[in-house]
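Please take a moment with the sequence and the structure shown below before reading on. The paragraphs after them are meant to be read with both in view.

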Amino acid sequence: MRRGFKSEAERLADRVRTQLGLRSDAPPDIRKLAAHLRVEVIDAQELVGMDSLRELESVQPGAFPAATFHLPGGRTVAVYNPCNEPARTKSDIAHELAHVLLGHEVREVQQIGGHAFFTCNPEQEEKANWLADCLLLPRQLLLRHAYAGADTKALADTAGVSLPMARFRLNTSGVLLQARRAWATRGGKES
């Protein structure tokens, strides 16, 4: 990932929260964010049926979390897999919205179980993952939890994300280190 992108993603996510009228520590309602970006969010079973989705899941678990389609007339649709847990679905939709925010276009075609999937290149996928994490777990929210010594589960519950996602974001954002340094400077101890 290009140097500086992670900071840019934090700023972009913060601008989006501001546009939605949210505080800097408030994760957005992902469906309101989609509406703000004029992206329709559709459950994939409305298009292909649950039997097809389950069959695909049996061929390759996790192969289809979500996808975005740019249709004629300027219509943009994000389709998500309803087989996943709600927290995962929220993350998948955020990932698709991140592609839209970053202006990514389909670059590659992959075949899975006889089905063609169009994807962005790996760097764009990585950037969309990072921005989605920034959207769902704002840095200010991470800092508030880190300084309060709150556990990862509390953070995940607060933001409505999975525990692994909350753990990943805490560990990669640098906020835990920032909080530890602040505690050390004050002579306090971690809780």
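What follows is a walk through some helices and some single residues of this structure.

It should be said at the outset that this is a predicted model, and the description below is to be read with that in mind.

A suitable place to begin is with pairs of helices, since two packed helices are described by the angle between their axes and the distance between the axes. Helix H4, which covers residues 86–102, and helix H5, which covers residues 122–136, have axes that come within 8 Å of each other and cross at roughly 115°. Because angles of 65 to 115 degrees count as roughly perpendicular, H4 is described as roughly perpendicular to H5. The crossing of these two helices, H4 and H5, is right-handed. On the side of H4, the contact is formed by Lys90, Ser91, Ala94, His95, Ala98, His99, Leu101 and Leu102, while H5 contributes Gln124, Glu125, Lys127, Ala128, Asn129, Leu131, Ala132, Leu135 and Leu136. Sorted by character, the residues in this contact of H4 with H5 comprise nine nonpolar, five polar and three charged.

One of the residues just named deserves a separate look, namely Lys127, which lies in helix H5. Is Lys127 buried or exposed? With a relative accessible area of 13%, Lys127 is buried, because residues under 20% relative accessible area are counted in that way. When its neighbours within four places in sequence are left aside, Lys127 is in contact with Met1, Arg2, Phe5, Leu102 and His104.

A second pair is made up of helix H6, residues 139–148, and helix H7, residues 152–159, which pack at an angle of about 145° with their axes 10 Å apart. Here too the crossing, that of H6 with H7, is right-handed. The contact involves Leu141, Leu142 and His145 from H6, together with Ala154, Leu155, Thr158 and Ala159 from H7. These residues of the contact between H6 and H7 divide into five nonpolar and two polar, with no charged residue among them.

Helix H3, residues 50–59, can be considered for the way its residues are arranged around its axis, and its buried residues are Met50, Leu53 and Leu56. These three cover an arc of only 125° around the axis, and they therefore lie on the same side of H3. Asp51 and Ser58, by contrast, are exposed on the other side of H3.

The remaining residues are taken one by one, beginning with Lys6, which is found in helix H1, residues 5–19. Lys6 is partly exposed, at a relative accessible area of 42%, and apart from residues up to four places away in sequence it touches Met1 and Trp130. Although Lys6 and Ser173 are 167 residues apart along the chain, their C-alpha atoms are separated by 9.0 Å.

Arg167 has its place in helix H8, residues 163–173, and at 40% relative accessibility this residue, Arg167, counts as partly exposed. Between Arg167 and Thr76, which are 91 residues apart in sequence, the distance in space is 31 Å from C-alpha to C-alpha.

Finally, Arg38 lies in the loop between helix H2, residues 30–36, and strand S1, residues 39–43. Arg38 has a positive phi of about 60°, although it is not a glycine, and with a relative accessible area of 73% Arg38 is exposed.

Definitions and conventions
Residues are numbered from 1 along each chain as its sequence is written. This is a predicted model: local features need pLDDT of at least 70, side-chain atom pairs count only at pLDDT 80 or more; totals for chains, interfaces and linings use all residues. Side-chain values use heavy atoms; hydrogens and water are left out. Axes are lines fitted to C-alpha atoms, for helices over the stretch in contact, and angles run from 0 to 180 degrees between N-to-C directions. Helices (H or I, at least four residues) and strands (E, at least two) are DSSP runs, numbered from the N terminus. Angles under 35 degrees count as roughly parallel, over 145 as roughly antiparallel, 65 to 115 as roughly perpendicular and the rest as oblique. A crossing is left-handed if the near helix is turned anticlockwise from the far one by less than a right angle, and right-handed if clockwise. Contact means heavy atoms within 4.5 Å. Ala, Val, Leu, Ile, Met, Phe, Trp, Tyr, Cys and Pro count as nonpolar, Asp, Glu, Lys and Arg as charged, and the others, Gly among them, as polar. Buried means under 20% relative accessible area, exposed over 50%, partly exposed in between (1.4 Å probe, protein chains only). The arc is that of the directions from the helix axis to the C-beta atoms.
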